[in-house]
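Grab a coffee and open the viewer. Below are some short exercises, each with a worked solution to follow along with.

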Amino acid sequence: MNWHTRYLQQAEWTRNLRTYLFEKAGLADACRVLEVGCGTGAVLREIKSPASLHGLDLEPASLAECRIHASAASLTRADAHLLPYADKSFDIVYCHFLLLWVRNPLQVVREMARVGRTVLALAEPDYNQRVDEPAALKQLGKWQTEALVRQGANPSFGARLAETFYQAGIQLTETGPIQSAEKKRSAEEWENEWAVIEADLAESVSGEDIQKMKVLDENARKSDERVLHVPTYFAWGKS
Ligand SMILES: C[S@@+](CC[C@H](N)C(=O)[O-])C[C@H]1O[C@@H](n2cnc3c(N)ncnc32)[C@H](O)[C@@H]1O
């Protein structure tokens with residue numbers, strides 16, 4: 001599994017929103033910017049700003065890749081539940097597909113609010129509201145959501161994002177679902193998504209059942225009948 005390729009694909013989904021939010025949040029005038037849970041740097045590498053850029057993640061392998069893709073950033077290995085920075089030491093602190101993965105998202109958002117003046121959560125999905133068409137592919141959605149739970153994620157965290165910001169004492173400026181037009185997946189994107197699905201389901205679903213779903217999915221994609229929508233939420237505000 002090439003995680004960087006996967007993260008680049010996810011970062012593509014949120015590109016328009018990110019551009020808009022970073023501008024509104026004052027990225028152009030920021031001196032210090034931090035991404036919590038920066039992974040391989042799919043988002044961090046694109047930040048064009050004179051600010052001093054920082055990335056933090058738990059995984060040494062991701063940080064090693066991030067060092068290549070976002071070479072301008074200072075990287076730190078640490079746990080998002082206990083950020084190793086002084087109060088209000090960043091103008092902007094953001095995360096992207098992070099909070100569904102952490103043990104205590106409220107604590108992480110509190111930490112982001114402690115170290116940052118402006119806090120952005122750019123993308124947190126709610127898989128409980130996932131839409132799969134044709135109906136025969138709903139089972140695939142169910143399997144994937146169950147796999148996320150087994151991997152330690154809270155697949156419906158997106159639905160609680162705004163509430164979590166309130167609880168962390170952040171004055172919300174804007175929140176809502178990401179409005180992204182569903183794009184037709186290229187063959188390459190589709191292959192990549194299936195690499196993730198096959199890895200996720202390998203232990204819980206038989207190879208035969210996975211292959212049946214794959215054929216259904218491919219046929220639906222080719223005949224333009226495939227709908228796959230996972231409502232995904234953002235929130236930002238001042239701490
Ligand atoms: C889905 S990836 C997203 C990576 C990156 N933000 C992106 O969008 O490309 C989630 C990242 O959060 C990191 N992560 C999960 N729990 C963490 C924690 N408690 N502290 C720091 N990083 C964490 C993982 O190691 C992983 O790199």
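**Warm-up: the strands**

Strands β4 and β5 (residues 116-125) run parallel and are paired over five bridges. Strands and helices here are DSSP runs (strands E, at least two residues; helices H or I, at least four), numbered from the N terminus, and two strands pair if DSSP finds at least two bridges between them. One caution before you go on: this is a predicted model, where local features need pLDDT of at least 70 and side-chain atom pairs count only at pLDDT 80 or more, while totals for chains, interfaces and linings use all residues. Residues are numbered from 1 along each chain as its sequence is written, and side-chain values use heavy atoms, with hydrogens and water left out.

**Exercise 1. Trace the neighbours of β4 and say how the chain gets from β4 to β5.**

Step 1. Start on the β5 side: Cys95 has Ala121 of β5 as its bridge partner.

Step 2. Follow the chain from β4 through helix α4 (residues 105-115) to β5; this β-α-β crossover is right-handed. That label applies if, with the strands pointing away from the viewer, the path from the first strand over the helix to the second runs clockwise.

Step 3. Now look at β1 (residues 32-36), which runs parallel to β4 and is joined to it by three bridges. Leu34 is partnered with Val93 in β4, and Glu35 with Tyr94 in β4.

Step 4. Check the cover. Five of the six residues of β4 (residues 90-95) are buried, so the strand is largely enclosed by the rest of the structure. Buried means under 20% relative accessible area, exposed means over 50%, and partly exposed is in between (1.4 Å probe, protein chains only).

**Exercise 2. Work out what β1 pairs with besides β4, and how well it is covered.**

Step 1. β1 also pairs with β2, in the parallel sense, over five bridges.

Step 2. For a landmark, pick Val36, which stands opposite Leu56 in β2.

Step 3. Count the buried residues: four of the five in β1, so call the strand mostly covered.

Step 4. Keep a rule of thumb handy as you look along it: in a regular strand the side chains alternate between the two faces of the sheet.

**Exercise 3. Describe the ligand's surroundings: which residues are closest, and which polar side-chain atoms sit by its nitrogen and oxygen atoms?**

Step 1. The ligand is surrounded by 18 residues, and the closest are Glu35, Gly37, Asp57, Ala80 and His96. Being near the ligand takes a heavy atom within 4 Å of it.

Step 2. Sort the shell by class: 10 nonpolar, four polar and four charged residues. Here Ala, Val, Leu, Ile, Met, Phe, Trp, Tyr, Cys and Pro count as nonpolar, Asp, Glu, Lys and Arg as charged, and the others, Gly among them, as polar.

Step 3. Go after the nitrogen atoms. Glu35 has a polar side-chain atom 2.7 Å from a ligand nitrogen, and Asp79 has one 2.9 Å from a ligand nitrogen.

Step 4. Then take oxygen: a polar side-chain atom of His96 lies 2.6 Å from an oxygen atom of the ligand.

Step 5. Finish with coverage. On its own the ligand has 600 Å² of accessible area, and the protein covers 91% of that; the areas come from the Shrake-Rupley method with a 1.4 Å probe, and for residues only the protein chains shown count as cover.

**Exercise 4. Is Thr40 buried or exposed, and what does its side chain touch?**

Step 1. Find Thr40 in the loop between β1 and β2 (52-57).

Step 2. Its relative accessible area is 2%, so Thr40 is buried.

Step 3. The Thr40 side chain makes a polar contact with the side chain of His4, at 2.7 Å. A polar contact is a pair of N or O atoms within 3.5 Å; within protein, one must be able to donate a hydrogen and the other to accept it, and residues adjacent in sequence count only if both atoms are side-chain atoms.

**Exercise 5. Inspect the backbone at Phe97, Asp224 and Pro134.**

Step 1. Phe97 is in the loop between β4 and α4. Its phi is near 55°, a positive value in a residue other than glycine, and at 16% relative accessibility Phe97 counts as buried.

Step 2. Asp224, in the loop between α8 (207-222) and β8 (227-229), has a positive phi too, near 65°. At 55% relative accessibility, Asp224 counts as exposed.

Step 3. The peptide bond from Glu133 to Pro134 is cis, with omega near -5°.
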